[in-house]
Amino acid sequence: MGLLSIIRKIKKKEKEMRILMVGLDNSGKTTIVLKINGEDTSVISPTLGFNIKTITYQKYTLNIWDVGGQRTIRSYWRNYFEQTDGLVWVVDSSDLRRLDDCKMELDNLLKEERLSGASLLIFANKQDIKGALTPAEIAKVLNLDAMDRTRHWEIVGCSAYTGEGLLEGFDWMVQDIASRIYMLD
Amino acid sequence: MEDEENSTHQDQDQALQKKHQLMLERLSARHQTRLETRKPDSPESSATSAFLSRFNDSKKSIDAQLESASDPSRLVDISFTISDLEKLVAENSYLLPSYEIRSSLKTISDLKQSLDNLSSQLIPKKKFSFKNKPTKTQTQTQIPKSDDTVSLPEKTTTNYLFRDSPGLRNKQNQVLVQNFKGSDIGEFTVSDLDSCEVKLVGCVNSLFVNRLKNCKIYAGPVVGSILMEEVEDCVFVLASHQIRIHFAKRSDFYLRVRSRPIIEDSDGLRFAPYCLKYEGIGKDLAAAGLDEETGNWANVDDFKWLRAVQSPNWSVLPEEERVGAVDLLLRAVQSPNWSVLLEEEERLRAVDLADSG
């Protein structure tokens, strides 16, 4: 019992969550991360490689891995799957032409066993742009209702530009992960 | 040890000894019951090994049920048992080593797979079955089926969802003008053009450019990003927050960008600073935060050339070959192409109305 209580104490103290942000290029992943961290979003270059941000959110520490979405580097996404607690899939809701691409990449990702336990948050980003699809329409295109019933998922409309919806999405994800991992609290 | 101690105390205090004995019995009894009635939802009592033994017992019983099940109605019970098992793993996940978690999850997904296989054997496929072939192997019959069902409705749903997004499409040998001033267009598409000249005046939130050949594209500031694919032998004069260029060949870019432009799967691209003029462009650029030259037009990242040396796929356009300032004299609209332009504008307006309606 001694060891167990030590382990439990450590886990409780850390309250760390590992979040993986992925999505097609130009969907707004980096902008979302910087915006939620209160940083300047006016000069962001397309991500060559990845960024890691550690932010304190409520009483938890989030390690956010923001991985570039260009076609060439999508094959490296797999290097970041291990021990992911939360998966954030970002969609450019105004990019109607590439919705099929978007669906295909998401489907591939969800087949990944190492991500099977992760909570899935889908951000229907760029809601500020006129002509963008609504979260409900995105959910329909991505056929989210057909997802494996054991997966915890949620779709949230947002705008990384205005910041709208970001907290709502992260609140859901953090709560969902917490209820799975830190059941003792 | 304890027995010896007890015996030394025996004479002195019979009652105490008896009490002690009772206590020991009580403790061992409690320990026994705890072992037997260990509940899955009390993580305090379960160490990894205890979890594993529970897990394995449960798995064995499910396996047995799967083997013996011949009645479809039993499948639901089995499915519930599997969910319970999954819940058990989830509840214990915080104290299990990650290897155990992974292998448990793998076991569960295997169980689900066998349940699926079993249910497709037991329950006749009414909706989708192919009558000509009895089920040889499960996967073989399912592959064509799922292909059919996935691809067909897929297309209809996306078609249904696709509003006619504002844009200029499918033209040849034309001069096309779009003025965003006073419009509430958010995203705009320029696609499938051959030998056209396109003039976009005013600000827009995002611009998509696809499949152009031998075109000249002049655009006012894009507040958000430009995404470009499959262009050949074109000239672009663009200003934006971000620009991504994919599958481009032999094209010149006159850019002003707040961030580093990127190219991917492209070659023969040349870059120079933005050089567009039209009446009121200064205001538009300021509104988009693009009134200052950033010098980023020359900081191109090539995702297909991740090395320190200069990418062979792009270069700086030599000054003597640059076009100088491009002035979009909108009066030039009154050219022989006027009627075409009117048509285009009418169509766009109609799209707009449909959108806002």
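Asp110(B) is partly exposed, with a relative accessible area of 39%. In this predicted model, Asp110(B) forms a salt bridge with Lys106(B), and their closest N and O atoms are 3.1 Å apart. Lys106(B) also counts as partly exposed, at 36% relative accessibility. Why do these two sit about one helical turn apart? Lys106(B) and Asp110(B) are four residues apart in helix α5 of chain B, so about one helical turn separates them. An α-helix has 3.6 residues a turn, so residues three or four places apart point the same way.

Now take the helix as a whole. Helix α5 of chain B covers residues 98–122, 25 residues in total. From its first C-alpha to its last it reaches 36 Å, close to the 36 Å expected at 1.5 Å a residue. Which of its residues are buried? They are Glu100(B), Ile101(B), Ser104(B), Thr107(B), Ile108(B), Leu111(B), Leu115(B), Leu118(B) and Ser120(B).

Helix α4 of chain B comes next. Its 21 residues should span 30 Å at 1.5 Å a residue. The end C-alpha atoms are 31 Å apart, which agrees. The buried residues of α4(B) include Leu75(B), Ile78(B), Ile82(B), Leu85(B), Leu88(B) and Val89(B). Glu86(B), Glu91(B) and Asn92(B) are also among them. The buried residues of α4(B) pack against α3 (48–68) and α5 of chain B.

Helix α5 also leads to chain A. Arg102(B) in this helix pairs with Glu82(A), which lies in the loop between α3 (71–74) and β4 of chain A, so the pair joins two chains. The side chains meet in a salt bridge at 4.0 Å, N to O. Glu82(A) is partly exposed, with a relative accessible area of 33%. Arg102(B) is partly exposed too, at 39% relative accessibility.

How many salt bridges cross the interface of chain B and chain A? The rule finds three. Arg97(A) and Glu229(B) form a salt bridge with their closest N and O atoms 3.0 Å apart. Polar contacts across the interface involve 13 residue pairs. On chain B, the side that touches chain A draws at least two residues from each of several elements. The helices among them are α4 (72–92), α5, α6 (138–161) and α8 (338–356). The strands are β5 (206–213), β6 (216–232), β7 (235–257) and β8 (262–264). Strand β7(B) gives the most, with six residues. By type, this side of chain B divides into 16 nonpolar, 15 polar and 20 charged residues.

The contact as a whole takes 51 residues from chain B and 47 residues from chain A. Together the two chains bury about 4200 Å² between them. Of this area, 55% is on carbon and sulfur atoms.

Two residues of β7(B) deserve a look. The first is His246(B), which lies in this strand. Is His246(B) buried or exposed? His246(B) is buried, with a relative accessible area of 2%. Its side chain makes a polar contact with the side chain of Asp25(A), at 3.4 Å. Beyond its neighbours within four places in sequence, His246(B) contacts two residues of chain A, Asp25(A) and Gln70(A). Its chain B contacts include Leu227(B), Met228(B), Glu229(B) and Glu230(B). Leu227(B) is 19 residues away in sequence, and 8.1 Å away in space, C-alpha to C-alpha.

The second is Asp252(B), also placed in strand β7 of chain B. Asp252(B) counts as buried, at 13% relative accessibility. Outside its neighbours within four places in sequence, Asp252(B) is in contact with Cys234(B), Val235(B), Phe236(B), Arg270(B) and Leu317(B).

Return to Asp25(A), the polar partner of His246(B). Asp25(A) is buried, with a relative accessible area of 3%. Arg98(A) is buried as well, with a relative accessible area of 3%. The side chains of Asp25(A) and Arg98(A) meet in a salt bridge at 2.9 Å, N to O. This pair links distant parts of the chain, 73 residues apart. Asp25(A) lies in the loop between β1 (16–23) and α2 (29–36) of chain A, and Arg98(A) in the loop between β4 (86–92) and α4 (99–110) of chain A. Over all chains, a search of the whole structure finds 25 salt bridges.

Note on methods:
Residues numbered from 1 in each chain as written. Chains lettered and ligands numbered in written order. Predicted model: local features only at pLDDT ≥ 70, side-chain atom pairs only at ≥ 80, totals over all residues. Heavy atoms only, no water. Expected span 1.5 Å × (residues − 1). Buried < 20%, exposed > 50% of the residue type's maximum accessible area, 1.4 Å probe, protein only. Contact = heavy atoms within 4.5 Å. Buried area = accessible area lost by both parts, 1.4 Å probe. Polar contact = N/O pair within 3.5 Å; in protein donor to acceptor, adjacent residues only side chain to side chain. Nonpolar A, V, L, I, M, F, W, Y, C, P; charged D, E, K, R; others polar.
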